[in-house]
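Hi,

Here is the structure I promised to pass on. Have a look at it first, then read my notes underneath.

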Amino acid sequence: MGFVTGLIWGLLIAAATVALEHYGPSSEPLHISLSGNGAIAAPEILVPLAIFWGWSSIANAYAGRSIVPIALYTLALFLGISLIGPADAWFFPEAGVGFSVQDFIGGLRQGSLFVGFVAVVAAPIYWILRSRIGTSRILIWMLYLVSLGIAIVLSYSGPRDPLAAVLVTGGLVAGVASGHAWQRQGGRTLIAIVVIVIMVLAVFGIPYVQAKGFSAPRF
């Protein structure tokens, strides 16, 4: 269950990323571009969601005895995301450049960033929140706010690294959401919406404010 599900999540996210890279829309008023390098918004938003959904599902299915299934799920997600580079090179080869081992190496780097880094940040938070500490709803909602706050701080601190800010936020949100789902034992749809909202704000909202302030977009 865990490995196959994780691989499906990874392949779907990889497919969405490659498709957006070449056919993604752009909006100057919203300061959003999902084409080219902007396509990384797909794994930035969807990987934390996939980690939360997979980890919480497995934890419920295995009544908490879920270390190995979660590890297999995360490995499969990593493998799926690692196909972004190879799939892009295979379906959209550049003129005069063939498919090479470098594409696989690049894919592994992407998997390490978008899945490995996020999972390493999320795991300790998840296991801590599964203890009695996680029974405090106030603490959990505060941690959600802290996750978004860290994205703001990292985005505005120098030198600026938007990707690092988003990855750290993704790890924090995935860990908090997984622990939240374990304590709540239900309502995963609401938690998933919270994850999506926070990640969309981190990926699109903060850069928009940095570029255009708090002014409304003009179409």
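Below is what turned up, from the overall fold down to the cores.

A word on the basis: this is a predicted model, so to speak of local features pLDDT must be at least 70, side-chain atom pairs count only at pLDDT 80 or more, and totals for chains, interfaces and linings use all residues. Residues are numbered from 1 along each chain as its sequence is written, and side-chain values use heavy atoms, with hydrogens and water left out.

The protein has 8 helices and 2 strands (DSSP runs numbered from the N terminus: H or I of at least four residues for helices, E of at least two for strands). Along the sequence they come as α-β-β-α-α-α-α-α-α-α. The radius of gyration, taken over C-alpha atoms, is 18 Å, close to the 17 Å from the globule rule (2.2 Å times the number of residues to the power 0.38), so the protein is as compact as a globular protein of its 219 residues.

Now the inside. Buried residues (under 20% relative accessible area, 1.4 Å probe, protein chains only) make up 42% of the 219. The largest nonpolar core (buried Ala, Val, Leu, Ile, Met, Phe, Trp, Tyr and Cys joined through side-chain atoms within 4.5 Å) has 28 residues, and Phe52, Tyr144 and Val195 touch the most other members. Helix 8 gives the most to this core, with 10 residues. Leaving out residues up to four places away in sequence, Phe52 touches (heavy atoms within 4.5 Å) several residues, including Ala174, Ile191 and Val195. A second, separate core of 23 residues includes Val18 and Phe78.

Cheers

Conventions. Buried means under 20% relative accessible area, exposed over 50%, partly exposed in between (1.4 Å probe, protein chains only).
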